[in-house]
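Thanks for coming. I will take a few minutes to walk through one model, starting with the overall layout and then going to particular side chains.

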Amino acid sequence: AMETFNKAKADFEAKKVTALSEAQTTISDNQSKINELDSKINQMKNEGLNTPDSNYKLGNMDYVSLLDQKSLDELAAKIRSGGAGNKWGHPDQCLAFAYSYGKWIDGSTNTPINGNRVAGKYPDAGGYKEASGSQAQMLAEVKRQLDQGKPVVIHVNGSSDTSRHYVTVVGYNANAGKSLTQNDLLILDTYDGKVEGMGTQGSRHMISGKATGRQYDYQLYVRA
């Protein structure tokens, strides 16, 4: 009887060890799956705006935009409706209006500005800070700001590569991945209120301030 008891006890202990080992393996496997899922979620956050899905289509390009198609098109139409010199847009006050477009988009103001006031000399210019550096550095910063839901004002060509102009970046190519080129950017142009692509996708491209006789390199303004 004692021999039978000892054998049963040994079998029980062996099964307990096996069950414990299997449970630990299952826990380890589940943790690995959780870690893998967390990694994918973080990757999606790093590679897109608030969602990896595109919400604005222009030509053959799908963009991830701070505003959906309807809202951005309505804002652009409002800007274009008054023509040059009105309170919504003015070709000679591009930086001033680029500031305001950003504030209209992020919801911090909905008040039109006076096209006769000079950029930086009125309240709507507040809340922005300047950054400059290489084109790659500026593009990385554009993506970082957009991923946080913040529009960006960037320095681009005007009527030529030696004249400066400012536009508001509102999104980027949904298929761009982690690193952007200027061809991936979606802008709201302060000259005519049109939503356009950049680089090979439109008429605007990034230029250095040095090309226009200034001391700074590539330049942008971000919300402070």
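**Layout, charges and rings**

The protein chain has four helices and eight strands. This is a predicted model, so please keep that in mind throughout. Reading from the N terminus, the order of elements is α-β-β-α-α-β-α-β-β-β-β-β. The chain has 224 residues, and 40% of them count as buried. If we take contacts between residues at least 6 apart in sequence, 59% of them join residues at least 24 apart.

A word on confidence. The average pLDDT of the protein chain is 80, and 79% of the residues score at least 70. Two stretches to treat with care are these. Over residues 47-52 the pLDDT stays under 50, and the model has 17 contacts there beyond four places in sequence. Over residues 114-123 it also stays under 50, with 18 contacts beyond four places in sequence.

Now the charged pairs. In general, side chains of opposite charge can pair when their charged atoms come close. How many salt bridges does a search of the whole structure find? The search finds six, and I will go through some of them.

Take Arg 223 and Asp 106. Their side chains meet in a salt bridge, at 2.3 Å from N to O. Arg 223 belongs to strand S8, residues 218-223, while Asp 106 belongs to helix H3, residues 94-106, so this pair ties together parts that are 117 residues apart in sequence. Is Arg 223 buried or exposed? Its relative accessibility is 16%, so Arg 223 counts as buried. Asp 106 has a relative accessible area of 32% and is therefore partly exposed.

The next pair is Glu 141 with Arg 144. This salt bridge has its closest N and O atoms 3.0 Å apart. Both residues are in helix H4, residues 135-147, and because they are three residues apart, about one helical turn separates them. Glu 141 has 18% relative accessibility, which means it counts as buried. Arg 144, with a relative accessible area of 43%, is partly exposed.

One more salt bridge joins Asp 62 and Lys 57, where the closest N and O atoms are 3.2 Å apart. Asp 62 counts as partly exposed, at 26% relative accessibility. Lys 57 also counts as partly exposed, with a value of 45%.

On to the rings. The count of aromatic pairs comes to five. In one of them, Tyr 99 and Tyr 128 have ring centres 4.6 Å apart and planes at 35 degrees, so the pair is tilted. This pair links distant parts of the chain, with Tyr 99 in helix H3 and Tyr 128 in strand S3, residues 128-133, 29 residues apart. Tyr 99 is buried, with a relative accessible area of 6%. Tyr 128 is buried as well, with a relative accessible area of 13%.

A further tilted pair is formed by Tyr 101 and Trp 104, at 5.3 Å centre to centre and 35 degrees between the planes. Both of these residues lie in helix H3, three residues apart, or about one turn of the helix. Tyr 101 and Trp 104 are both buried.

Which residues form one aromatic cluster with Tyr 99 and Tyr 128? The other members are Tyr 166 and Tyr 221. The ring of Tyr 128 also brings us back to a residue from the salt bridges: the charged end of Arg 223 sits over that ring, 5.1 Å from its centre. Arg 223 therefore has two contacts to remember, the salt bridge with Asp 106 and the place over the ring of Tyr 128, and at 16% relative accessibility it counts as buried.

I will finish with Asp 189. This residue lies in strand S6, residues 185-189. Its relative accessibility is 1%, so Asp 189 counts as buried. What does a polar atom of its side chain lie 2.9 Å from? The partner is the backbone nitrogen of Tyr 191. Leaving out residues up to four places away in sequence, Asp 189 touches Tyr 101, His 165, Val 167, Lys 194, Glu 196 and Arg 204. Among these is Tyr 101, the residue we met in the tilted pair with Trp 104.

Notes. Residues numbered from 1 in each chain as written. Heavy atoms only, no water. Helix = DSSP H or I, 4+ residues; strand = E, 2+ residues; numbered from the N terminus. Buried < 20%, exposed > 50% of the residue type's maximum accessible area, 1.4 Å probe, protein only. Polar contact = N/O pair within 3.5 Å; in protein donor to acceptor, adjacent residues only side chain to side chain. Contact = heavy atoms within 4.5 Å. pLDDT = per-residue confidence, 0-100. Salt bridge = Lys/Arg side-chain N within 4 Å of Asp/Glu carboxyl O. Phe/Tyr/Trp six-rings, centres within 6.5 Å; stacked < 30°, edge-to-face > 60°. Lys NZ or Arg CZ within 6 Å of the ring centre and 35° of its normal.
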